[in-house]
Amino acid sequence: GRLLYDVQDKAVRTMYVRNGELWLGGDEGLTTINTRWKEPLLEVQPKLAIRSVVLGGDSILWGGYGEMPEKLANLQHNDDDLSFTFSLNNTSVVGKTLYRYKLDDEKWSPWSTNTHANYSNIPDHTHTFSVQAMDAMGRQTDVVSIQFYITPPFYRQWYMYLLYAVVTIVLIYAIIRLRLRKLEKDKIQLR
């Protein structure tokens with residue numbers, strides 16, 4: 001087990017054990033710990049949830065109510081500033097809950113107590129945001145993920161590429177035709 005959050009980072013000058021109680025004395029006072037006490041959350045597997053997904057700081061795409069969707073609605077190309085908030089269903093008083101997250105195939109962020117992730121200038125295509133937690137007992141949760149798709153701007157849609165190809169072919173054809181006419185005129189003038 002781990003020590004209480006308030007104690008684990010403190011300097012301990014003296015310890016005394018009596019009747020299942022651990023007495024710790026230090027520069028910041030005296031603390032007693034009942035070593036017979038069991039953390040009730042040890043009986044329950046921690047469950048992680050994405051609590052919200054916010055677009056641009058003001059538009060809620062997912063508010064944490066009901067069943068979390070596996071995929072968000074498609075976003076426009078300029079909807080590239082997203083914030084994700086996440087937490088465990090129960091947290092312990094016996095220590096810190098740590099989280100890590102990633103977008104797509106990036107490396108996981110370092111474990112930290114931070115319960116939100118912000119991303120801006122996300123490129124257009126399908127993305128997956130993933131998060132994982134580790135409770136105070138060192139138990140890791142399953143990875144929780146949510147998918148979203150940022151559509152490309154109109155000028156990068158498939159039909160626009162088709163239009164670009166047709167226009168390019170027509171221009172090349174027109175240039176060749178003009179050049180051939182000029183060559184024919186030059187040939188006639190030389191006769």
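Which element supplies the largest share of the lining of the second largest pocket? In this predicted model, that element is strand β4, spanning residues 48-55, with four residues of the lining. The overall architecture is described before the pocket is taken up again.

The protein contains two helices and ten strands. One helix opens the order of elements at the N-terminal end, the strands follow, and a helix closes the series: α-β-β-β-β-β-β-β-β-β-β-α. The radius of gyration is 31 Å, whereas a compact globule of 191 residues would have a value near 16 Å. Along the principal axes, the C-alpha atoms fill a box of roughly 120 × 40 × 25 Å.

Burial and surface were computed for the protein as well. Of its 191 residues, 30% count as buried. The exposed area comes to about 13400 Å². Carbon and sulfur atoms supply 54% of that area. Contacts also link distant parts of the chain. Among contacts between residues at least 6 apart in sequence, 58% join residues at least 24 apart.

The second largest pocket has a volume of about 210 Å³. Its lining includes the run Lys47, Leu48, Ala49, Ile50 and Arg51. Trp62, Gly64, Gly66, Glu67 and Met68 also line the pocket, as does Val144. By class, the lining residues divide into six nonpolar, two polar and three charged. Strand β4 gives this lining its largest share.

Valine 54 also lies in strand β4. Is this residue buried or exposed? Valine 54 counts as buried because its relative accessibility is 17%, and the cut-off for burial is under 20%. Leaving out residues up to four places away in sequence, valine 54 touches Ser59, Ile60, Asp81, Leu82 and Ser83. Asparagine 118 lies 64 residues from valine 54 in sequence. In space, the C-alpha atoms of these two residues are 9.3 Å apart.

A second strand residue, threonine 128, is found in strand β9, which covers residues 126-134. Threonine 128 has a relative accessible area of 23%, so it is partly exposed; that class lies between the 20% and 50% limits. With residues up to four places away in sequence left out, the contacts of threonine 128 fall in two stretches of the chain. One holds Lys102, Leu103 and Asp104. The other holds Ser145, Ile146 and Gln147. Tyrosine 149 is 21 residues from threonine 128 along the chain, and 8.8 Å separates their C-alpha atoms.

Notes
Residues numbered from 1 in each chain as written. Predicted model: local features only at pLDDT ≥ 70, side-chain atom pairs only at ≥ 80, totals over all residues. Heavy atoms only, no water. 1 Å grid on protein atoms, 1.4 Å probe; cavity = no way out; pocket = protein on both sides within 12 Å on 5 of 7 lines; lining within 4 Å. Points joined across faces, edges and corners; volume = space filled by probe spheres on them. Nonpolar A, V, L, I, M, F, W, Y, C, P; charged D, E, K, R; others polar. Rg over C-alpha atoms; globule rule 2.2 N^0.38 Å. Buried < 20%, exposed > 50% of the residue type's maximum accessible area, 1.4 Å probe, protein only. Contact = heavy atoms within 4.5 Å. Areas by Shrake-Rupley, 256 points an atom, 1.4 Å probe, with all protein chains shown as cover.
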